[in-house]
Amino acid sequence: MIRLQREDFDPAQETNALIGDDHGIGGVVTFTGLVRDLADTGRGKQERISGMTLEHYPGMTEKMLARIEAEALERWPLKASLIIHRYGDLEPGDRIVFVLTASAHRQAAFEANMFLVDWLKTK
């Protein structure tokens with residue numbers, strides 16, 4: 001499942017809502033990304049920021065996220081997955097992304113989560 005939204009999210013509520021009473025899940029891995037107060041300048045230095053604005057192209061962004069989630073679901077035996085990515089004006093400390101992967105076994109949940117987070121960070 002993927003969601004793009006302006007509003008904040010609660011990682012615990014999102015986890016409980018997705019997992020529910022599925023006792024076939026043996027491992028849940030979550031990643032919550034936060035806005036930092038430093039940004040890389042690309043010249044080996046960092047500069048302070050007071051906020052950031054994230055834009056997205058409706059339709060295209062969802063399509064790309066659905067594609068990468070589908071790849072994770074093909075590669076690992078996940079019982080559930082969730083990607084939430086915020087857009088709009090964000091300040092340091094705000095939650096920006098949440099990735100949850102759940103599987104019968106922890107290794108698949110860890111590997112799939114790392115794959116998804118790495119893709120989000122680089123693409």
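Leucine 82 has leucine 100, a residue of strand 8, as its bridge partner. This pairing belongs to a predicted model, and it offers a convenient entry into the sheet. Strand 6 (78-86) and strand 8 (95-103) run antiparallel and are joined by seven bridges.

Strand 6 also pairs with strand 1, which covers residues 2-5; here the sense is parallel, and the pairing extends over four bridges. Within strand 1, leucine 4 stands opposite histidine 85 of strand 6. Of the nine residues in strand 6, seven are buried, that is, under 20% relative accessible area. The strand is therefore largely enclosed by the rest of the structure.

The discussion now turns from the strands to the nonpolar cores. The largest nonpolar core comprises 18 residues, and those with the most contacts inside it are Trp76, Val99, Phe115, Leu116 and Leu120. At least two residues of this core come from each of four elements: helix 2 (60-75), strand 6, strand 8 and helix 3 (106-122). Helix 3 gives the most, contributing seven residues to this core.

Tryptophan 76 deserves a separate look. When its neighbours within four places in sequence are set aside, tryptophan 76 is in contact with Ala108, Glu111, Ala112 and Phe115. A second core, separate from the one just described, has nine residues, among them Phe9, Ile19, Ile25 and Leu100. Leu100, a member of this second core, is also the residue with which the account began, as the bridge partner of leucine 82.

How values were computed: Residues numbered from 1 in each chain as written. Predicted model: local features only at pLDDT ≥ 70, side-chain atom pairs only at ≥ 80, totals over all residues. Heavy atoms only, no water. Core = buried A, V, L, I, M, F, W, Y, C linked by side-chain atoms within 4.5 Å. Buried < 20%, exposed > 50% of the residue type's maximum accessible area, 1.4 Å probe, protein only. Contact = heavy atoms within 4.5 Å. Pairing = 2+ DSSP bridges.
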